[in-house]
Structures are given as structure tokens and as C-alpha cells.
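This briefing introduces the structure shown below to a reader who has not met it before. It begins with one hairpin and proceeds to the sheet, the contact between the chains and one helix.

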Amino acid sequence: MQLHRSKTQFEEMGLQVVLVGLGTPDRAEAFRKQFFLSFPIICDPEKKLYQTYGLGRSSVTRLASPAFLLKGLKALSRGYTPSMPRGDVMQLPGVFLIDTAGNIRYAHYSKDPSDNPTIETLLALKDIIRKEKKVWSSINDQT
Amino acid sequence: MALTETYQAAMDAEVTFSDGTDYRLRNLWEKGPLLLVFLRHFG
């Protein structure tokens, strides 16, 4: 998983990366072992958190679209070997950056199952984090 | 790279991690910026 290969860079940014998945804790642990992941995983089998964050579902049409199938083929060519998906395969993913004041500073709502932000986009979030650190240090200087 | 910033309040919730521990999301983001990555499925 590309996210995991950039783990050190996320740590240098001071960013906590937490994954959220639809499965049970057992399934999450199997997934973690399969992809050698060390990020914490939140289990949300009832999709409550997905719904809280406004993440919708895809359609059969989108799952069968040439663009989606092409992305799947590209992933296979990079060595990704998918296992049998469990849970709701129509569920759309998403990514949110939440600052220490509890504000969502970046949000990506996937338009289709393969619409994920690039790793470069996620690493560029350091600019937002840096800005926040400056604000906090200026507040602390004033107090 | 230009990023579209938002300032929408994040929603707090009690969550369960894969190791069985319960946590409030708020307690996570109060420790430091949090990147919440929602997966499509485990697999």
C-alpha cells in the first residue's frame, strides 16, 4: 500500500494516520498482516463513521466503467493482488485531515471506488499543518 | 500543489480499533493533526 511506503514522511510531518475499514477487528488484523501495515485501524462494520463523514456509495455502472477497470488493471500490473473483498464493495472511500482544533482542513470524497488522492497530494498537506503550527506558536507567544 | 482548504468542524464519535480498544476521535486529533483514511474495504 502506497500510504504505508510514505509512513516515515507522515511521521516527520507530525501527522497521525488512522485507517477506517468496514470489517470486524479480526478482518482488520488479517488485512494489516497481508499488507504489512502498522497504522492503527478503526473498525466500522456498521458504517456509522462513514455515514457521519458523509461518504456515499458507488453504483454498479461506475464499478463496471472502463475507467475503473483500467485502474484495476494498472494496480494488478504494479503487483497488487486483491483478495476477496468483504463488506460493502459499493462503499466509497475518502480522506480527511483534521487539525488539533477539530476542524476538517482537507477533505477528499471519492467519486468512484478508485478515486483516491495521490500520495503527493497527501504529502502536500504538510503546508496546511505547517500553517497551523505557526498560528499556534504565535498564540503561545502572545500568552 | 494547491490544496483546497476547508474549515468545517469535524464530527466526534466513539470508535473501536482493531485491537478492541475504544477511543473518542476528539482525543486523537487533540494530540496532533489526524489523517483519517476511509478504505473501501479490507482486501
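In this predicted model, strand 3 and strand 4 of chain A form a hairpin, with 4 residues between them. A:Gly102, in the turn of that hairpin, has a positive phi of about 85°. Both strands of the hairpin are also joined to strands of chain B, strand 3 of chain A to strand 4 of chain B and strand 4 of chain A to strand 1 of chain B.

**The hairpin and its neighbours in chain B**

- Within the hairpin, strand 3 and strand 4 of chain A pair in the antiparallel sense over 5 bridges.
- A:Ile98 has A:Ile104, in strand 4 of chain A, as its bridge partner.
- A:Ile98 also stands opposite B:Leu34, which belongs to strand 4 of chain B.
- Strand 3 of chain A and strand 4 of chain B (residues 34–38) run antiparallel and are joined by 5 bridges.
- A:Ile104, for its part, stands opposite B:Gln8 in strand 1 of chain B.
- The link between strand 4 of chain A and strand 1 of chain B consists of 2 bridges, and these two strands run antiparallel.

**The sheet as a whole**

- Strands from both chains make up an open sheet of 8 strands with mixed pairing, in the order 1(B)-4(A)-3(A)-4(B)-1(A)-2(A)-2(B)-3(B).
- Its edge strands are strand 1 (8–9) and strand 3 (22–24) of chain B, each of which pairs on one side only.
- Helix 3 of chain A packs on the sheet and touches strand 1 and strand 2 of chain A. The direction of helix 3 makes about 155° with that of strand 2 of chain A.

**The contact between the chains**

- Chain A gives 58 residues to the contact, and chain B gives 32 residues.
- On the side of chain A that touches chain B, the elements giving two or more residues include strand 1 (16–21), helix 3 (25–34), strand 3 (94–98), strand 4 (103–109) and helix 8 (126–142) of chain A.
- The residues on that side of chain A comprise 36 nonpolar, 13 polar and 9 charged.

**Helix 6 of chain A**

- Helix 6 of chain A (residues 66–77) has 12 residues. From its first C-alpha to its last it reaches 16 Å, close to the 16 Å expected at 1.5 Å a residue.
- This helix is hardly covered, as the count of buried residues among its 12 residues is 0.
- Just after helix 6 of chain A, A:Gly79 takes a positive phi of about 105°.

Methods:
Residues numbered from 1 in each chain as written. Chains lettered and ligands numbered in written order. Predicted model: local features only at pLDDT ≥ 70, side-chain atom pairs only at ≥ 80, totals over all residues. Expected span 1.5 Å × (residues − 1). Buried ≥ 20, exposed ≤ 12 C-beta atoms within 10 Å, placed from the backbone. Contact = placed C-beta atoms within 7 Å. Nonpolar A, V, L, I, M, F, W, Y, C, P; charged D, E, K, R; others polar. Pairing = 2+ DSSP bridges. Axes fitted to C-alpha atoms, helices over the stretch in contact; angles between N-to-C directions.
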